[in-house]
Amino acid sequence: MANDKHSLRVTDKYSPQVISVSSWRAFTGTLKRDLLLVFRRRSDVVNPLLFFTIVVTLFPLGISPESEFLAQIAAGVLWVAALLATLLSLDSLFQQDMADGSLEQLVISPHPLAVMVLSKVLVHWLVTGLPLTLLAPLLAVMMFLPDEGYSTLFLTLLMGTPTLSLVGAIGAALTVGLRRTGVLMTLLILPLYIPVLIFGTGAVISAVNGMAVAGHLAIMGAMLMVALVMAPLAAGAALRISLNG
Amino acid sequence: MWKTFVAWFHRMGSPKWFYDITGRWIPWFAVASALLLIAGTVWALAFAPEDYQQGNSFRIIYIHVPAAILAQSIFFLMAMAGAVGLIWKMKVADMVAKSCAPIGASMTFIALFTGAVWGKPTWGAWWVWDARLTAMLILLFLYFGVIALQSAFDSKQSGARASAILSLVGVVNIPIIKYSVEWWNTLHQPATFTLTEKPAMPAEMWVPLLVMVIGFYCFFGTILMMRTRNEILEREKRTHWVQGLLSKK
Amino acid sequence: MYFDSFSEFLNMGGHGLYVWLAYGLSAVLIVINVVLPVMHKRQLIKEQARKQRREQQSS
């Protein structure tokens with residue numbers, strides 16, 4: 001909706017093919033730039049992982065170190081910790097670009113904003129969601145997750161964390177212009193994360209109990225697809241509003 | 001038909017026209033909602049028969065269900081008004097959306113509280129992670145998010161637009177949340193007994209329920225108009241007509 | 001009338017506490033919902049009156 005003005009201007013000059021090529025260039029250009037920035041600020045990658053590890057460590061200390069008990073709550077604890085780690089890392093999605101003014105350049109550029117938002121979200125997932133997914137099986141060992149659960153845990157996180165990044169981008173875009181965003185963004189985003197949490201842990205629990213998980217994975221895939229289509233548009237519209245206000 | 005609707009829609013967009021027409025509607029709505037709510041409450045408390053299983057605690061249904069229905073439809077209305085405000089840049093729609101949020105949150109709270117109180121004699125606990133109650137709790141969180149976002153922006157217009165986007169995202173999510181919570185609920189505790197699902201309710205039970213539902217809707221309409229009118233007065237206070245209106249009183 | 005006496009009506013077959021608690025809190029919230037916009041409007045009118053007085057004094 002919000003992009004109509006720009007795409008119209010482009011269609012006047014170029015053929016549809018050229019537009020898709022230029023959108024693709026906008027996508028890869030943003031991708032390369034953001035990856036380079038992340039590479040130079042490596043703490044952004046490490047901090048969420050440390051957070052994830054520490055939160056998981058708190059549960060045996062706070063509740064009980066018994067292996068039978070931990071095995072029961074392992075899936076839930078890992079998923080909740082991954083969810084919180086993603087949430088806390090969302091600040092970095094637009095905040096830095098807002099501070100140095102490059103976000104405004106993105107918004108006024110003639111390329112569709114949703115495409116560039118998607119590329120930013122992809123970078124965010126590559127530096128937080130993907131490492132979390134890779135780290136989770138290790139922490140699952142510490143939580144005594146039964147052997148049957150590992151592959152499902154990995155798969156659900158692989159499909160769930162991009163959904164979290166995508167939905168979180170809407171919250172980050174809505175709050176980027178505000179001063180204190182942390183608690184507000186949590187309030188906006190956490191309720192929307194609940195379905196992902198339910199199906200993520202549900203799948204791991206079913207796998208541990210020896211039941212089929214294809215249905216859960218299909219639903220998580222469907223949620224990812226819906227988020228993939230709608231979240232960049234919503235986040236783009238939200239960015240425009242945040243920059244105007 | 002379509003033309004008159006479009007003309008009406010456009011006039012609705014003028015704050016002054018909206019203020020005038022709702023000023024004429026409010027007394028009717030207020031009287032209707034007062035009559036319906038009083039009649040419905042008396043009927044529900046004193047005349048409706050008790051449930052053969054739950055006894056008199058069943059009478060809580062006459063508040064719980066209307067509040068729960070209303071809470072969900074208010075969220076839907078809020079998102080629709082927000083979308084109208086986003087697409088057609090209609091100020092009145094923004095104000096309606098803003099006025100919806102606190103009313104919806106209070107209705108959600110009523111539904112939650114009455115559900116919990118009802119749970120005590122029925123399940124023996126003040127809180128049970130029942131699918132409907134959990135979904136209501138999440139709806140309350142969504143309302144709080146919208147209200148918090150509205151007040152976080154300095155500019156009223158940006159706050160209205162941002163919360164419109166959030167409520168649209170919320171509306172897309174509500175069915176997903178409801179479905180997933182119901183599924184989660186059957187996974188963890190097989191549904192033995194749900195509060196409101198009765199195959200066939202006799203007429204002397206559902207007629208007062210219907211009266212209460214309509215009464216709650218009329219009540220919502222009244223409060224929504226009152227709040228939106230205040231919002232108009234506040235945002236348009238520099239205009240001539242509002243200043244004339246306020247100084248008259 | 002479903003109940004035989006007023007005390008039975010209050011007792012609600014042993015569930016009186018729950019029924020009256022639910023209805024009572026709902027009534028309170030409904031009244032709050034009515035009172036808040038009414039007070040807000042009064043405040044708006046008062047503010048406008050104060051503003052006009054200030055303008056008259058200064059002119």
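This report covers the nonpolar cores, the contact between chain B and chain A, and the salt bridges of a predicted model.

**Nonpolar cores**

The largest nonpolar core holds 152 residues. Its members that touch the most other members are A:F52, A:F94, A:L153 and A:L174 in chain A, together with B:Y62, B:F75 and B:F216 in chain B. A second core, separate from this one, has five residues, among them A:V38, A:V45, A:V123 and A:V127.

B:Y62 can be followed further through its contacts, leaving aside neighbours within four places in sequence. Within chain B, this residue is in contact with B:A44, B:A48, B:E204, B:M205, B:P208, B:L209 and B:M212. B:Y62 is also in contact with C:Y23, a residue of chain C.

**Contact between chain B and chain A**

Chain B contributes 29 residues to the contact and chain A contributes 27 residues. About 2300 Å² is buried between the two chains, and carbon and sulfur atoms give 87% of that area. On the side of chain B, the residues that lose the most area to chain A are B:F153, B:I165 and B:W183, which together account for 22% of what that side buries.

Which charged or polar pairs cross this interface? The count of salt bridges between chain B and chain A is zero. Residue pairs in polar contact across the interface, with both residues at pLDDT 80 or more, also number zero.

Three helices of chain B, α3 (61-88), α5 (131-152) and α6 (156-188), each supply at least two residues of the side that touches chain A. The largest share, 17 residues, comes from α6(B). Sorted by class, this side of chain B has 22 nonpolar, five polar and two charged residues.

**Salt bridges**

Over all chains, the count comes to ten salt bridges. Side chains of opposite charge can pair when their charged atoms come close. Three of the pairs are listed here with their N to O distances.

| Pair | Distance |
|---|---|
| A:R33 and A:D97 | 3.3 Å |
| B:E231 and B:K156 | 3.8 Å |
| B:E231 and B:R235 | 3.7 Å |

In chain A, the side chains of A:R33 and A:D97 meet in a salt bridge. A:R33 lies in helix α2 (residues 16-40) and A:D97 in helix α5 (residues 91-100) of chain A, so this pair ties together parts that are 64 residues apart in sequence. A:R33 is partly exposed, at a relative accessible area of 31%, whereas A:D97 is buried, at 5%.

In chain B, B:E231 forms salt bridges with B:K156 and with B:R235. The bridge to B:K156 links distant parts of the chain: B:E231 is in helix α7 (residues 203-235) and B:K156 is in helix α6, 75 residues apart. B:E231 and B:R235 both lie in helix α7 of chain B, and because they are four residues apart there, about one helical turn separates them.

B:E231 itself is buried, with a relative accessible area of 7%. Its partner B:K156 is partly exposed at 36%, and B:R235 is partly exposed at 23%. These bridges belong to one network, in which salt bridges that share partners join B:K98, B:K156, B:E231, B:E234 and B:R235.

Note on methods:
Residues are numbered from 1 along each chain as its sequence is written. Chains are lettered from A and ligands numbered from 1 in the order in which they are written. This is a predicted model: local features need pLDDT of at least 70, side-chain atom pairs count only at pLDDT 80 or more; totals for chains, interfaces and linings use all residues. Side-chain values use heavy atoms; hydrogens and water are left out. A nonpolar core is a set of buried Ala, Val, Leu, Ile, Met, Phe, Trp, Tyr and Cys residues joined through side-chain atoms within 4.5 Å. Buried means under 20% relative accessible area, exposed over 50%, partly exposed in between (1.4 Å probe, protein chains only). Contact means heavy atoms within 4.5 Å. Buried area is the accessible area (1.4 Å probe) that two parts lose on being put together, summed over both. A salt bridge is a side-chain nitrogen of Lys or Arg within 4 Å of a carboxyl oxygen of Asp or Glu. A polar contact is a pair of N or O atoms within 3.5 Å; within protein, one must be able to donate a hydrogen and the other to accept it, and residues adjacent in sequence count only if both atoms are side-chain atoms. Ala, Val, Leu, Ile, Met, Phe, Trp, Tyr, Cys and Pro count as nonpolar, Asp, Glu, Lys and Arg as charged, and the others, Gly among them, as polar.
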